[in-house]
Amino acid sequence: WLYGGFGGVGGITADLNELWKYEPDEECKNNFITASEDTAICEGESIVLAAKGGISYTWYPKTGLNNAGIPNPTASPLNTTKYSVIVFKDACLVEKKNILIKVNSDPVVTILADSSAESGDELEFKGTSTGNYLWNFGDGNTSVLQNEKHSFENPGEYTVILLLTDSNNCTSADTFIVTINPGEIFIPNIFTPNSDGSNNNYSLI
């Protein structure tokens, strides 16, 4: 399909839905055009789309694109989106292609544990979702188990961080504050010598 009068290279103003109805012209089919394949990203991520071999490029929808009129826009869709690109070279509609960007949700991660204990007490930390775990207990110790038992030797406040990576390689994090109090200190309440007739004398050893 040959075009003209649509605003020139990079300035196509024709209805894209109408353009999409046309197939590339026979005169244009020998042009070598490549474009991105379908792919997947995680929530909040971006990906660079790519098409080459033409002179003019029009991507739509524009939602989530930093520039819909260049060959390599950055796409940051909030939801799964099918992008379409129409490529022109000279007066030829060279290529048109759909590219599906699937947006995978990040895993839900929650730490279950007691928020306070005494020095040396064993606390149990549990994760609630399936995936690959990485615990950082804030005292130099880590673990890759979903459920882990851990004790803190020194009093203080510790920030426990859990990173969870799911099967789509999407990662979420959760933090949890644990307060460790000093353990019980034994203070004797019976002293000797105390004139009770037992152990009434000190001696050097």
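Which side chain of opposite charge is nearest to Asp166, and how far away is it? The points below work towards that residue through the strands that precede it; the model is a predicted one.

1. Strand E12 covers residues 132–136, and its side chains alternate between two faces. Tyr133 and Trp135 point to one face and are buried. Asn132, Leu134 and Asn136 point to the other face and are not buried.

2. E12 is paired with strand E13 (residues 142–143), antiparallel, through two bridges. Asn136 of E12 sits opposite Thr142 of E13. Five residues separate the strands in this hairpin, and Gly138 has a positive phi near 80°.

3. E12 is also joined to strand E15 (residues 156–165), again antiparallel, by five bridges. Tyr133, one of the buried residues of E12, faces Leu164 of E15 across this pairing. Asn136 has Ile161 as its bridge partner in E15. Asn136 therefore has a partner on either strand, given that Ile161 lies in E15 and Thr142 in E13.4. Leu134, Val144, Ile161 and Leu163 make a nonpolar surface patch of about 330 Å². Leu134 belongs to the face of E12 whose side chains are not buried. Ile161 is placed in strand E15. How exposed is Ile161? Ile161 is partly exposed, at a relative accessible area of 34%. Residues enter a patch only with over 30% relative accessible area, a cut-off to keep in mind when reading the value of 34% for Ile161.

5. On its way to the next strand, E15 forms a hairpin with E16. The two strands pair in the antiparallel sense over ten bridges. Leu163, a member of the nonpolar patch, stands opposite Ala173 in E16. This hairpin has five residues between its strands, and Asn169 adopts a positive phi near 65°.

6. Asp166 is found in the loop between E15 and E16 (171–181). Asp166 is buried but has no salt bridge. The nearest side chain of opposite charge is that of Lys102, 10 Å away; a salt bridge would need the charged atoms within 4 Å. A polar atom of the Asp166 side chain does lie 3.0 Å from the backbone nitrogen of Asn168.

Terms used. Residues are numbered from 1 along each chain as its sequence is written. This is a predicted model: local features need pLDDT of at least 70, side-chain atom pairs count only at pLDDT 80 or more; totals for chains, interfaces and linings use all residues. Side-chain values use heavy atoms; hydrogens and water are left out. Buried means under 20% relative accessible area, exposed over 50%, partly exposed in between (1.4 Å probe, protein chains only). Helices (H or I, at least four residues) and strands (E, at least two) are DSSP runs, numbered from the N terminus. Two strands pair if DSSP finds at least two bridges between them. Patches are made of residues with over 30% relative accessible area and no salt bridge: like charges are joined within 9 Å, nonpolar side chains (Val, Leu, Ile, Met, Phe, Trp, Tyr) within 5 Å. Accessible areas come from the Shrake-Rupley method with a 1.4 Å probe; for residues, only the protein chains shown count as cover. Lys and Arg count as positive and Asp and Glu as negative; His and the chain ends are not counted. A polar contact is a pair of N or O atoms within 3.5 Å; within protein, one must be able to donate a hydrogen and the other to accept it, and residues adjacent in sequence count only if both atoms are side-chain atoms.
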